[in-house]
Amino acid sequence: MISGIHHVALKCRGSAEFEKTIAFYHDLLGLPILRRWGVGADAGVMFDCGGGRLEIFANADEMRGEGAIRHIALATDDPDAYIEAVSAAGYTVIEAPHDIVIPSTPPFPARIAFCCGPVGEKIEFFCEKES
């Protein structure tokens, strides 16, 4: 039986991109590091994201192809503050914070914002709202 998503993994091209990605998720977004391992191309780190984990590897091929995953959604009570922080750090804001209602049954209100992360990943800051 599947009980949830354990982790999502990203690959970085080399140690400089690996360390930049760690700084983004740990220093800028404040995700706690659960564990680190290896050196060089064998290096990895795993962050605690509350209900799951984010794993970062330093061993990407030179050319990364676009995959099927559209984005990583991080739950937060304050998408505006995170977008302000990533923008101030020089990262691209894809969508400024705004309120939406997902047209589902029942309707699902939320506040969302998107940015581009250090290895090209699309990150959504997602705040569920009361219906």
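In this predicted model, helix α2 is followed by Gly90, a residue with a positive phi near 95 degrees. The helix that Gly90 follows spans residues 79–88 and lies across three strands, β6, β7 (108–116) and β8. With β7, α2 makes an angle of about 5 degrees. Three residues of α2, namely Pro79, Ile83 and Val86, are buried. Viewed down the helix axis, the buried residues of α2 fall within an arc of 70 degrees, so they line one face of the helix. This fits a familiar rule: an α-helix has 3.6 residues a turn, so residues three or four places apart point the same way. The cover over the buried residues of α2 includes helix α1 as well as β6, β7 and β8. On the face of α2 turned away from the buried side sit Glu84 and Ala88, both exposed.

The strands under α2 belong to an open sheet of 4 strands, arranged in the order β5-β8-β7-β6 with mixed pairing. Its edges are formed by β5 (72–75) and β6 (93–102); each has a single partner strand, so one side of each is left without a neighbour in the sheet. On average, and with direction ignored, neighbouring strands here are turned by 25 degrees against each other. The pairing of β5 with β8 (residues 122–128) is parallel and comprises 4 bridges. Within this pairing, Ala73 of the chain stands opposite Glu124 in β8.

A good place to look inside this part of the model is Phe114, which lies in strand β7. Is Phe114 buried or exposed? Its relative accessible area is 7%, and since buried means under 20%, Phe114 counts as buried. Neighbours within four places in sequence aside, the contacts of Phe114 are His71, Ile83, Val93, Ile94, Glu95, Lys122, Ile123 and Glu124. Two of these names have already appeared above: Ile83 is one of the buried residues of α2, and Glu124 is the residue of β8 opposite Ala73. By contrast, Val39 is 75 residues from Phe114 along the chain, and the C-alpha atoms of the two are separated by 31 Å.

A further open sheet of 4 strands has the order β1-β4-β3-β2, and its pairing is also mixed. Here the edge strands are β1 (7–11) and β2 (33–37), each with a single partner strand, so one side of each is left without a neighbour in the sheet. The average turn between neighbouring strands of this sheet is 15 degrees, direction ignored. Strand β1 runs parallel to β4 (residues 53–57), and 5 bridges join them. One residue of this pairing is Val8, whose bridge partner in β4 is Leu54. Helix α1 (residues 14–28) packs on the sheet, where it touches β1, β2, β3 (44–48) and β4. The direction of α1 makes about 10 degrees with that of β3.

Attention can now turn to charged side chains. Side chains of opposite charge can pair when their charged atoms come close. How many salt bridges does the structure hold? There are 5 salt bridges in the structure. One of them joins the side chains of Arg36 and Glu19, with an N to O distance of 3.1 Å. This pair links distant parts of the chain, with Arg36 in strand β2 and Glu19 in helix α1, 17 residues apart. Both partners count as partly exposed: the relative accessibility is 47% for Arg36 and 39% for Glu19.

Asp99 takes part in a salt bridge with Arg111, at 3.2 Å from N to O. Again distant parts of the chain are linked, as Asp99 is in strand β6 and Arg111 in strand β7, 12 residues apart. Asp99 is partly exposed, its relative accessible area being 47%. The side chain of Asp99 also meets that of Lys129 in a salt bridge, at 3.4 Å from N to O. Lys129 lies in the segment after β8 and Asp99 in strand β6, so the pair ties together parts that are 30 residues apart in sequence. Lys129, at 37% relative accessibility, is partly exposed. Through shared partners, salt bridges join Asp80, Asp99, Arg111 and Lys129 into one network.

Technical notes. Residues numbered from 1 in each chain as written. Predicted model: local features only at pLDDT ≥ 70, side-chain atom pairs only at ≥ 80, totals over all residues. Heavy atoms only, no water. Pairing = 2+ DSSP bridges. Helix = DSSP H or I, 4+ residues; strand = E, 2+ residues; numbered from the N terminus. Axes fitted to C-alpha atoms, helices over the stretch in contact; angles between N-to-C directions. Contact = heavy atoms within 4.5 Å. Buried < 20%, exposed > 50% of the residue type's maximum accessible area, 1.4 Å probe, protein only. Arc of directions from axis to C-beta. Salt bridge = Lys/Arg side-chain N within 4 Å of Asp/Glu carboxyl O.
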